[in-house]
Amino acid sequence: PKVLWQVPMSDDGYAGPSAAAGKVFIIDHQGDQDIVKALELGSGRELWRFTYKDASSSNYGFCRSTPTYDDGRLYTVSRLGLVHCLNASTGAKIWSLDMVAAFGGRRPSWDYAWSALVDGPRLILVPGGEGAAVAAVDKMTGRTLWKGGGNDRPGYATPVSAVINGRKQYVIFTAEGVIGVDQATGTRRWGCPWKTSYDVNAATPLVIGNGVFITSDYRRGCAMVAVGPSGAQIAWENKEMQSHFSTPIYYNGFIYGTTDPGRLICLDPKTGQVRWQQRGFEKGGLVAVDGTLIVCDGANGEVAMVELKPDGYTELGRIRPLGGQSWTAPIVADGKLIVRNKTALACLDLK
């Protein structure tokens with residue numbers, strides 16, 4: 001595919017892009033400032049930037065969160081715990097809060113990495129404070145609506161909105177396990193312990209019916225957590241999928257994802273059995289579109305198109321748009337593929 005544009009990134013890290021309203025949003029870093037950028041989707045031209053101070057030392061780069069767009073507003077989370085709501089058209093600040101100050105938030109070893117979840121009037125955050133494992137704020141003002149979920153410290157995964165056993169709730173992968181909290185009050189409804197070395201629970205959970213699929217690296221593996229009316233327990237677990245931070249995809253009854261040591265696999269969520277596997281996808285992110293997987297090899301930046309089917313690995317094409325370590329998940333918007341490595345962001349035409 002034709003490369004439409006390429007722009008440099010100076011954060012030496014892994015923050016993810018998002019796209020909406022004809023723009024690409026991403027958080028960069030330069031000097032002692034984080035820089036939220038809006039780029040024109042078609043050309044890569046910078047439309048606006050918003051900066052705030054982050055003078056601490058690099059920790060695998062700086063910001064690693066993906067901006068969340070909702071109805072003309074953009075929500076960003078910094079690695080130090082600053083949450084901003086910006087006007088997505090102009091970059092003007094609407095409100096901000098500090099999760100450490102507001103909720104007693106406890107930054108994990110590699111800092112905050114999840115993205116904020118918009119759900120109706122609420123913005124869902126994971127401060128990881130005492131009595132504030134999870135918090136909901138008014139998305140328009142930043143005013144606290146509730147805090148709850150217990151005392152779990154934060155993981156790195158983005159919260160998920162789900163209906164399980166007929167109850168609307170938020171599923172959170174914390175440093176200590178996976179929990180479900182009530183949508184309206186933040187009351188913890190269930191929890192299942194899942195301890196991982198260095199507390200790196202980073203891949204976003206997949207809610208499948210009344211089950212929740214989780215996966216972690218450091219030889220921890222994966223599991224299907226069955227959530228019942230009176231609690232949760234592990235239905236099965238194994239070490240077939242060990243995703244360090246790349247979130248797998250659930251499609252037509254099967255799970256697709258990358259796992260250490262460097263494989264792309266298709267997994268049956270009912271049994272945990274592998275349907276197929278293919279080497280050459282070290283810590284790579286992936287996206288599904290039009291019955292096709294677009295998946296990265298995180299080691300060298302190659303990007304492959306793979307048929308999204310459970311009966312075998314079929315590769316449709318492979319390119320290397322940027323090269324180098326590419327741990328950030330790709331996205332697709334308006335027929336365009338957007339990828340990044342540690343030094344650049346690029347847009348390719350898929351049409």
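This passage describes the fold, the nonpolar cores and selected residues of one protein chain.

The structure is a predicted model, in which local features need pLDDT of at least 70 and side-chain atom pairs count only at pLDDT 80 or more, while totals for chains, interfaces and linings use all residues. Residues are numbered from 1 along each chain as its sequence is written, and side-chain values use heavy atoms, with hydrogens and water left out.

The protein chain contains one helix and 32 strands; these elements are DSSP runs numbered from the N terminus, helices being H or I runs of at least four residues and strands E runs of at least two. The radius of gyration is 19 Å, close to the 20 Å that the globule rule gives for 351 residues, so the chain is as compact as a globular protein of that length. The radius is taken over C-alpha atoms, and the globule rule is 2.2 Å times the number of residues to the power 0.38. Along the principal axes, the C-alpha atoms fill a box of roughly 55 × 50 × 35 Å.

Of the 351 residues, 58% count as buried (under 20% relative accessible area; exposed means over 50% and partly exposed in between, with a 1.4 Å probe and protein chains only). The accessible surface of the chain comes to about 13300 Å², of which carbon and sulfur atoms make up 48% (Shrake-Rupley method, 1.4 Å probe; for residues, only the protein chains shown count as cover). Among contacts (heavy atoms within 4.5 Å) between residues at least 6 apart in sequence, 47% join residues at least 24 apart.

In soluble globular proteins, nonpolar side chains tend to be buried together. A nonpolar core is here a set of buried Ala, Val, Leu, Ile, Met, Phe, Trp, Tyr and Cys residues joined through side-chain atoms within 4.5 Å. The largest such core has 27 residues, of which Met99 and Leu125 touch the most other members. Elements giving two or more residues to this core include strand E7 (73–77), strand E8 (82–87), helix H1 (99–103) and strand E12 (134–138). E12 supplies the largest share, four residues. Separate from this core is another of 15 residues, among them Ile164, Trp194, Val225 and Val227. Beyond residues up to four places away in sequence, Met99 touches Val77, Gly81, Val83, Gly104, Gly105, Tyr112, Trp114, Leu125 and Pro127.

Lys139 is located in the loop between E12 and strand E13 (144–148). Lys139 counts as buried, at 13% relative accessibility. Outside its neighbours within four places in sequence, the contacts of Lys139 include Asp70, Arg73, Tyr75, Cys85, Trp95 and Arg122. The C-alpha atoms of Lys139 and Gly209 are separated by 28 Å, the two residues being 70 apart along the chain.

Several loop residues have backbone features of note. Asp260 and Pro261 are joined by a cis peptide bond with omega of about 5°, and Pro261 lies in the loop between strand E23 (254–259) and strand E24 (263–267). Asp199, a residue other than glycine, has a positive phi near 60°. The loop that holds Asp199 runs between strand E17 (188–193) and strand E18 (206–208), and Asp199 is buried, with a relative accessible area of 18%. Asn252 also is not a glycine and has a positive phi, of about 50°. Asn252 is placed in the loop between strand E22 (249–251) and E23, and counts as exposed at 63% relative accessibility.
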